[in-house]
Amino acid sequence: MTELLLSAGRGPAECAWALARLLARLESAAARRGLRTERVETVPGDRAGTYRSVLVRITGAGAEPFAAGWTGTLCWQAPSPYRTGHGRKNWYVTARTCRTDVMITPFHEADVDFVPCRTGGPGGQHRNKASTAVRAMHRPSGRTVVVDTERYLHLNRRIAVELLRQRIAADDEAARRAGVDARRRIHDELVRGDPVRVERP
């Protein structure tokens with residue numbers, strides 16, 4: 001799976017129109033290769049049926065090389081649909097791959113390794129001599145916690161599982177927010193960039 005961001009930048013309305021045409025061509029080319037496309041996020045243009053930017057997710061075998069073939073500056077050649085008699089026929093769109101997807105970490109208690117251990121500090125003779133604390137490690141994420149709040153091992157083990165579950169969920173949420181922020185940053189970067197210069201053929 002890969003994601004491709006197409007943007008008309010701050011080009012004229014024709015660039016947003018060209019982006020919509022290029023997007024349709026990209027989707028049909030992907031379908032011919034057995035790839036699936038999904039419009040993850042779109043920013044509409046000023047005119048109906050046009051886009052300032054589109055984030056497309058491409059999945060399937062060969063998605064990355066396919067997306068790489070569509071990166072760079074893309075040119076759509078056609079007369080302006082909005083200004084009759086206009087001399088320019090080349091309309092430019094930029095495209096670049098980006099990774100904004102977030103893998104959710106599945107949590108299963110079977111993936112947690114428990115090691116009984118002793119801890120120091122106050123708590124009396126039982127705490128210092130018996131292995132009532134527990135060190136728990138979630139193998140897929142590498143997250144580790146040590147719990148010694150309770151006097152009994154089975155209670156500390158139960159608390160450790162809940163702590164790991166909460167921390168992994170918090171990590172996933174932070175990663176999801178970072179992915180959304182990355183998408184916004186990429187879009188803003190392209191929209192704030194230099195206006196697209198359209199040369200006469």
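In this predicted model, strand S2 (residues 36–44) and strand S3 (residues 51–59) run antiparallel to each other and are joined over eight bridges. Within this pairing, arginine 39 has valine 56 of S3 as its bridge partner. The two strands form a hairpin with six residues between them, and in this hairpin glycine 49 adopts a positive phi near 75°. Strands of a sheet are held in such pairs through hydrogen bonds of the backbone, in either a parallel or an antiparallel sense.

The hairpin belongs to a protein of 201 residues, which contains four helices and eight strands. Read from the N terminus, the order of these elements is β-α-β-β-α-β-β-β-α-β-β-α. Of the contacts between residues at least 6 apart in sequence, 61% bring together residues that are at least 24 apart. Buried residues account for 37% of the protein, while the accessible surface amounts to about 11,600 Å², with 49% of this area belonging to carbon and sulfur atoms.

The largest nonpolar core comprises 28 residues, and those touching the most other members are Leu4, Leu6, Leu19, Val56, Ile58, Phe66 and Trp70. At least two residues of this core come from each of strand S1 (2–7), helix H1 (13–32), S3, helix H2 (63–68), strand S4 (72–77) and strand S5 (90–98). Helix H1 makes the greatest contribution to this core, giving ten residues. Val56 thus appears both among the core residues that touch the most other members and as the bridge partner of arginine 39. When residues up to four places away in sequence are not counted, leucine 6 touches Leu19, Arg52, Ser53, Val54, Val56, Leu74, Val93, Thr94 and Ala95. Apart from the largest core lies another, made up of eleven residues, including Phe107, Val112, Phe114 and Ile168.

Further along the chain, three strands form an open sheet in the order S6-S7-S8, with antiparallel pairing. Strand S6 (112–117) and strand S8 (144–147) are the edge strands of this sheet, each pairing on one side only. From one strand to the next, the twist averages 15°. Strand S7 (residues 133–138) is linked to S8 over four bridges, in the antiparallel sense, and within this pair methionine 137 has threonine 144 of S8 as its bridge partner. In a regular strand, side chains point alternately to one face of the sheet and to the other. Val112 and Phe114, which are members of the core of eleven residues, fall within the range given for the edge strand S6 (112–117).

Conventions. Residues are numbered from 1 along each chain as its sequence is written. This is a predicted model: local features need pLDDT of at least 70, side-chain atom pairs count only at pLDDT 80 or more; totals for chains, interfaces and linings use all residues. Side-chain values use heavy atoms; hydrogens and water are left out. Two strands pair if DSSP finds at least two bridges between them. Axes are lines fitted to C-alpha atoms, for helices over the stretch in contact, and angles run from 0 to 180 degrees between N-to-C directions. A nonpolar core is a set of buried Ala, Val, Leu, Ile, Met, Phe, Trp, Tyr and Cys residues joined through side-chain atoms within 4.5 Å. Buried means under 20% relative accessible area, exposed over 50%, partly exposed in between (1.4 Å probe, protein chains only). Contact means heavy atoms within 4.5 Å. Accessible areas come from the Shrake-Rupley method with a 1.4 Å probe; for residues, only the protein chains shown count as cover.
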